[in-house]
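Let's take a walk through this one, starting from a single residue and working outwards. Keep the viewer open as you read.

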Amino acid sequence: MTEVVLVLGSNVEPERNLDAAMVELKMRWTVLKQSQRYLTAALEPAPPYVNQAVLIDCQPGQELKPLLREIEAKLGRIRPAPVGHLCPIDIDAVASWPPLCVLDEKSWQASYLQLLMPEIMAWFADTPATTP
């Protein structure tokens, strides 16, 4: 199995939408860990986001992006975002393990992810290394 770090964000009823996203994620994959939720400034002029990291267990090589976009659409996400940059839910796969592989460099470097990094890195530190 492959562990993947997902980053969730919402600036529209964030607690409700993050909870709904977690239900959807748990229906599709095993959720191994969840971070705390943090209020962060939006990257564009928009209301602030609440962000959370989630570690899931999925099949190696599984194409996650279409599945994550399906969850976003189900929860009311419209692409591109309407005026005002309101986003009920955003879900990005940012890294996989083992070994650590950054999947989305832009998200990995984003300021909002820095709040989540201590928890994410602790998850990897707690995971036993695999041997060839």
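Leaving aside its neighbours within four places in sequence, which residues is L6 in contact with? The list runs L25, Q52, A53, V54, I56, L68, I91, D92 and A93. Before leaning on that, bear in mind that this is a predicted model. The protein chain has an average pLDDT of 88, and 94% of the residues score at least 70. Confidence varies along the way: among the elements of the chain, helix α1 (residues 14-28) has the highest mean pLDDT, at 98, while helix α4 (residues 111-126) has the lowest, at 81.

Back to L6, then. You'll find L6 in strand β1, which covers residues 2-10. Is L6 buried or exposed? With a relative accessible area of 0%, L6 counts as buried, because the cut-off for that is under 20%. One of its contacts is I56: the two are 50 residues apart in sequence, yet their C-alpha atoms are 7.5 Å apart in space.

Now zoom out to the core. The largest nonpolar core has 20 residues, and L6 is among those with the most contacts inside it, along with L8, L25, W29, I56, L68 and I91. Which elements give two or more residues to this core? They are β1, α1, β4 (49-58), α2 (65-74) and β5 (90-97). Apart from this core lies another, with 16 residues, including L116, M117, I120 and W123.

Conventions. Residues numbered from 1 in each chain as written. Predicted model: local features only at pLDDT ≥ 70, side-chain atom pairs only at ≥ 80, totals over all residues. Heavy atoms only, no water. pLDDT = per-residue confidence, 0-100. Helix = DSSP H or I, 4+ residues; strand = E, 2+ residues; numbered from the N terminus. Buried < 20%, exposed > 50% of the residue type's maximum accessible area, 1.4 Å probe, protein only. Contact = heavy atoms within 4.5 Å. Core = buried A, V, L, I, M, F, W, Y, C linked by side-chain atoms within 4.5 Å.
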